[in-house]
Amino acid sequence: MMKGAFLYQSPPLRVRFGAGTLHHVSDEIDAIGGSRALILATPFQKDDADGLAARIGARAVGVFAEARMHTPVEVTTRALQAYADSGADCIVSYGGGSTIGLGKAIAWRNDAPHLVVATTYAGSEVTDILGETEARVKTTRRDPRIRPEAVIYDPELTPGLPVAMSVASGLNAMAHAIEGLYATDANPVTSMMAVEGIAALQNALPGICRDPADMSARSEALYGSWLCGTVLGAVAMALHHKLCHTLGGALDLPHAETHAILLPHTTAFNAAAAADALQPAARLFGGNLGGGLYDLARSLGAPIALRDFGVIRDDLGRIADMAVKNPYANPREVTRDGILALLEAAWAGARPSPISPERTRP
Ligand code: NAD
């Protein structure tokens, strides 16, 4: 097939993948040019971070286990102090997007080399994106300095990720890949990664639901999440990510679950306008991508309705107003009526039709 012109950039990044690769943390600290690591985690994963510190001995000079969702700047300020006090010369983030966000916030300020041991499917470890909150306002920036230098993906660290969180996090990862397919700066390499990532997660998530300790499914899900995260870090996102950001910020909704609920609807919204770009993914779902994603989410027990998260119907108009305020590239025109219809369907948990028709609120 004839390929159009494109720009592809491959950022420098080491990825060590496979069961048991946690054993290589010391090697990876050496590889990023560090020797004294401050290990970061959430309070929930503090024991694991302490265990890692014990395992690598003198290469760990401290554990800071106060990472929180949405990277509050006051936590970063304390972590920077801990970094300076400990005499660290690099960071190891052990966890998901919340911990990685803290690691990125530190590295962006002091240029510390950053190794991530990734334990969810959110994909932040391979992106140059940092979202931080201060005084309840979330600011997002992209900068090459934000991207970590190395990542370890060890599926043996993931069976403890609860099934519900695994499913929501996996659908969150799929969202990166689906938007990556119709991105204005998509290219054949990112699209190949996107389709491979979607297929891996589509195959792996049911296996995780059947048996959370299934190492083959865990490994495939982590592989898919790496590919989907790489797409997120490489190309521009559109309606789906903007809408999740608006909804999450305005109504304080959980990150991965919001992605999981909206994905079938944003995909159906764009399905006709981006039919060619989405075709390889649609084929994985029998031709109807929005409906297929909805059916997959339902079969996995994922949340499917915004109303189950305390969103009231009267909020939707305000969200639709906010969503059309700052224009951005999207395959289909983003109108207030179109967004409101999409939000109504997501609020009710309805299965999206292949092409969400433009309709006004009843
Ligand atoms: P998370 O990091 O908040 O983790 C959720 C909870 O699960 C935490 O308590 C964590 O300690 C625990 N956990 C993580 N891995 C575990 C495991 N293997 N076993 C048991 N418990 C585990 O969740 P997340 O969805 O990975 O991250 C969400 C955050 O990441 C949001 O703030 C979001 O905005 C951000 N994010 C950023 C990017 C980016 O590119 N900047 C991309 C995706 C998400």
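**Helix 5 and the parallel sheet**

Of the 19 residues of helix 5, 16 are buried, so this helix is largely enclosed by the rest of the structure. The model is a predicted one. Helix 5 covers residues 163–181 and reaches 27 Å from its first C-alpha to its last, close to the 27 Å expected at 1.5 Å a residue.

One of the elements that helix 5 packs with is helix 8 (residues 239–251); the angle is about 135° and the axes are 9 Å apart. Angles from 115 to 145 degrees fall outside the roughly perpendicular and roughly antiparallel ranges, and the two helices are therefore oblique to each other. On the helix 5 side the contact involves Ala175, His176 and Glu179, which meet Leu239, His240 and His241 of helix 8. By class, the residues of this contact are two nonpolar, three polar and one charged.

The sheet is open and consists of six strands in the order 1-8-5-4-2-3, with parallel pairing. Strand 1 (14–17) and strand 3 (60–64) are at the edges, each with a single partner strand, so one side of each has no neighbour in the sheet. On average, neighbouring strands are turned by 15° against each other, direction ignored.

At the strand 3 edge, the partner is strand 2 (residues 37–40), and the two pair in the parallel sense over four bridges. Within this pairing, Leu38 stands opposite Gly62 of strand 3.

Two helices lie across this part of the sheet. Helix 2 (residues 46–56) lies across strand 2, strand 3 and strand 4 (90–95), and runs at about 180° to strand 3. Helix 3 (residues 73–86) also lies across strand 2, strand 3 and strand 4, with an angle of about 160° to strand 3.

Technical notes:
Residues are numbered from 1 along each chain as its sequence is written. This is a predicted model: local features need pLDDT of at least 70, side-chain atom pairs count only at pLDDT 80 or more; totals for chains, interfaces and linings use all residues. Side-chain values use heavy atoms; hydrogens and water are left out. The expected span of a helix is 1.5 Å times one less than its number of residues. Buried means under 20% relative accessible area, exposed over 50%, partly exposed in between (1.4 Å probe, protein chains only). Axes are lines fitted to C-alpha atoms, for helices over the stretch in contact, and angles run from 0 to 180 degrees between N-to-C directions. Angles under 35 degrees count as roughly parallel, over 145 as roughly antiparallel, 65 to 115 as roughly perpendicular and the rest as oblique. Contact means heavy atoms within 4.5 Å. Ala, Val, Leu, Ile, Met, Phe, Trp, Tyr, Cys and Pro count as nonpolar, Asp, Glu, Lys and Arg as charged, and the others, Gly among them, as polar. Two strands pair if DSSP finds at least two bridges between them.
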